[in-house]
Amino acid sequence: MTVIKKVSFVLATIVVIGCGQKIIKPKAVFSQKDILETRVDSILKLMTLEEKIGQLNQYNGFWEITGPTPKEGQAAKKYADLKNGLVGSMLNVKGVKDVRALQKIAVEETRLGIPLIFGFDVIHGFKTISPIPLAEAASWDLAEIKKSAAIAAEEAASVGLNWTFAPMVDISRDARWGRVMEGAGEDPYLGSQIAIARVQGFQGDDLTARNTILACAKHFAAYGFSESGRDYNTVDVGESTLQNVIFPPFKAAVDAGVRTFMNSFNELNGIPATGNKYLQRDILKDDWKFDGFVVSDWGSINEMIAHGYAKDSKQAAEIAINAGSDMDMESSAYVEYLSALVKEGKVKESTIDDAARRILRVKFELGLFDNPYLYCDENYEKETVGKAAFQEGVLEMAKKSIVLLKNEKELLPLKKSGQKIVVIGALANDKTSPLGSWRIAADDNSAVSLLEGLQNYKGNQLTYVKGADLTEGRTQFIWETKINTTDKSGFAEAMAAAKTADVVIMSLGEHGLQSGEGRSRTDIGLPGVQQELLEEVYKVNPNIVLVLNNGRPLAIPWADAHIPAIVEAWQLGTQSGNAIAQVLYGDYNPSGKLPMTFPRNVGQVPIYYNYKNTGRPVMNEPESVFWSHYIDEKNTPLYPFGYGLSYTQFEYSNMELSQKYFSDDGSIEVSVNVKNTGKYTGKEVVQLYIRDLFASITRPVLELKGFEMIELQPNQTKKVSFIINKKTIEFFTANSKWEAESGDFKVFLGGSSAKTLEADFQYKNN
Ligand code: BGC
């Protein structure tokens, strides 16, 4: 027996003794995995059915832990459950003091002393907020995205948390859906790469390290395809879209070792995801061999009643557990009914065992059995939360997330001195909105505003005028946000100031709470009176730099037609204002590329680059109306997927293929020269797309299959190469499996999905 194995053996022994029961010794020389499984089994054997069910129960923080213990109502019942070992996890409890107090109850007062896992929505940062995930995706910088998740993990872990409900890896093509801000956009390939980066960032290499936390791939599945972009709405999609578009980032997360999944609120083809056996058992656990656990979404087990899929909470519990939903978030259905359901023979005890085993396994992996207070160190908490290195990290991420959409008249970068700059827009002076809607642990007013960021540059004369508010009414996380401010009384002052300016910076877009969960919109233009404000100011001074802050693609055709410079600055988190100012002044040359298509008009939505060709893609006779189009708008988007400018320019040339065809395990190397023809050093994301010209299931007109970010000095040229092989062209075929089909293909290279260079190749499956 090696030393390591002996140590693990001893650990197994300690744990079982820790539970005060008999020792089950591993019989022979085991792998680490075997030892872990033995430890899990040894605990399971000690547990009553109720205690096992308790592990499947997750409660939201239900009382002020430093206050009196609850004596009546729901909270008293939950408190009793906690003491009786009927709670496996809690969410929304944070801070070492509170986490320790609750963990102490679980470990010292319950019969078996099984520790709790503490979950929280650390979606893009905990207290130090990084850009919204859609913005991070715009960086296409996987290393930076991974680092950003690692920062969030470290800060969250320092306050006692060990589980985040992120990354959301839902693909979405519908900008009306408020939660597009929480994902990586519309593309399965980019989405998969980002899913991997974020899982690795949160979980690190070692889940027992005190700066890592469990990740959770959510929402399984198809939540991003809700009809008409309305949150929680019905989803009806076929198997090809599920497999080829929706599943890939989830599968990538599994392959990257994600330890938990969350199911979703929507129904999928008539069956709520929470009660969906095909998704949770057939695909996730059987096909993909996922051995972590699945948590329901908030109350989604009971929501199956409203869906019309379960007659009551008891039946909902039966459906959910049998379908593979392991942990019940806040429905209380499992803790109430599973025991009776087992006794009635409606749920097998082995099903409960499987769910409990998955949860215990993950608790072992977190190191909680060896040290339940691993995440509970006040000193570490104090020195970690908000630390300077995090600020630097989120600033770096924020700069890389910005996308330059338009830059005429060389308005940008701004000159550093001698300029009169007038800043207009409520968002410019807003220190909360840049935090977005998923920032439940961050303090209000803790972001650097755009105005503050600009004030760091002292060489110009800077004037601020609000012009107009964005919203009326409450702007809190759970309340409706009124968006239709009608008050234009500030316009005159804004116009008077703009008249005298060399450059006007207009900071317009959505309030941080106008996107996110429950915040779908039917009009994706600039909310309130901002469009009018923009047009009025333009009349007196067209030298406008429009800085957009928003959580979704916006339809801004007028701005695109008139405003010379447009910068997409999303909601960039704590360091937002510094990041935008550094980009506007050219201290960072923008390098972001859109992860989601920007429509001309909301009527084009869902709009995405990897659409199908249809049988009538073009007008076949002049003036003919019988082709796939609109009579009042173009088919093309305002800004395509993958698009984004730099202060410098790049030229693509010399596309070369090492050969024109490959078979079986062969490959083709495709390369291109990229030259910086402008006057600034800059970064470019070189993108590789393919098109499969005919197949057993029709294929999209374009599919992203690779990308590489390069940096070039003025006049410098770099050759960038990609490999095309079987993996590149595989898809879920008419044979219902992932495979490569023989045929003819096109390959494209360029700086966006509005491809630049193209060539043909063939694949022959021998
Ligand atoms: C959201 C989840 C989130 C959960 C817990 C739900 O409303 O859909 O994404 O993780 O709440 O806060």
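The legends below go with a set of close-up views of one predicted model.

**View 1. The ligand and the residues around it.**
Twelve names are worth labelling here, so let's go along the chain: Leu 91, Asp 121, Phe 165, Arg 179, Lys 218, His 219, Met 262, Phe 265, Asp 297, Trp 298, Met 329 and Glu 517 are the residues around the ligand. Sorted by class, that shell comes out as 6 nonpolar, 1 polar and 5 charged residues.

**View 2. Polar pairs at the ligand.**
Which side chains put an N or O atom 2.7 Å or 2.6 Å from a ligand oxygen? Arg 179 is one of them, with a polar side-chain atom 2.7 Å from an oxygen atom of the ligand. His 219 has a side-chain N or O atom at 2.7 Å from a ligand oxygen, and for Asp 297 the corresponding distance is 2.6 Å. As for cover, the ligand on its own has 310 Å² of accessible area, and the protein covers 93% of that.

**View 3. Thr 274 in its loop.**
Look for Thr 274 in the loop that links β8 (271-272) to α10 (277-287). Is this residue buried or exposed? Thr 274 counts as buried, because its relative accessibility is 1% and the cut-off for buried is under 20%. Its side chain has polar company: there is a polar contact with the side chain of Asn 263 at 3.3 Å, and the Thr 274 side chain also reaches the backbone oxygen of Ser 264 at 3.3 Å.

**View 4. Two cis peptide bonds.**
Most peptide bonds are trans, so a cis one deserves a close-up. Ala 166 and Pro 167 are joined by a cis peptide bond with omega at about 5°. Pro 167 sits in the loop between β4 (163-164) and α8 (188-203). The other cis bond in this view runs from Phe 220 to Ala 221, with omega near 0°. Here Ala 221 belongs to the loop between β5 (216-220) and α9 (239-255).

**View 5. Two positive phi values outside glycine.**
Most residues other than glycine have a negative phi. Thr 614 isn't a glycine, yet its phi is positive, at about 70°. You'll find Thr 614 in the loop between α21 (576-584) and β17. With a relative accessible area of 44%, Thr 614 is partly exposed. Asn 715 also has a positive phi, near 75°, and lies in the loop between β21 (703-712) and β22. Asn 715 counts as exposed because its relative accessibility is 58%, with the cut-off for exposed at over 50%.

**View 6. An open sheet of 3 strands.**
The strand order is β17-β19-β22, and the pairing is antiparallel. At the edges are β17 (650-657) and β22 (717-724), each pairing on one side only. On average, neighbouring strands of this sheet are turned by 20° against each other, direction ignored. Strand β19 (residues 668-676) runs antiparallel to β22 and is joined to it by 8 bridges. To follow one of these pairings in the view, start at Val 670 and go across to Phe 722, its bridge partner in β22.

**View 7. An open sheet of 5 strands.**
This one has mixed pairing and reads β18-β26-β25-β20-β21. Which strands form the edges? They are β18 (661-663) and β21, each of which pairs on one side only. Neighbouring strands here are turned by 25° against each other on average, again ignoring direction. β18 pairs in the parallel sense with strand β26 (residues 757-764) over 3 bridges, and Phe 662 stands opposite Tyr 763 in β26.

**View 8. Strand β16 and its partners.**
In a regular strand the side chains alternate between the two faces of the sheet. What happens on the two faces of β16 (residues 565-568)? Both are covered: Ala 565 and Val 567 on one side are buried, and so are Ile 566 and Glu 568 on the other. Strand β11 (residues 403-407) pairs with β16 in the antiparallel sense over 4 bridges, with Lys 406 opposite Ile 566. Strand β15 (residues 544-549) runs parallel to β16 and is joined to it by 4 bridges; in this pairing Val 547 stands opposite Val 567.

Conventions
Residues numbered from 1 in each chain as written. Predicted model: local features only at pLDDT ≥ 70, side-chain atom pairs only at ≥ 80, totals over all residues. Heavy atoms only, no water. Pairing = 2+ DSSP bridges. Axes fitted to C-alpha atoms, helices over the stretch in contact; angles between N-to-C directions. Near = heavy atom within 4 Å. Polar contact = N/O pair within 3.5 Å; in protein donor to acceptor, adjacent residues only side chain to side chain. Areas by Shrake-Rupley, 256 points an atom, 1.4 Å probe, with all protein chains shown as cover. Nonpolar A, V, L, I, M, F, W, Y, C, P; charged D, E, K, R; others polar. Buried < 20%, exposed > 50% of the residue type's maximum accessible area, 1.4 Å probe, protein only.
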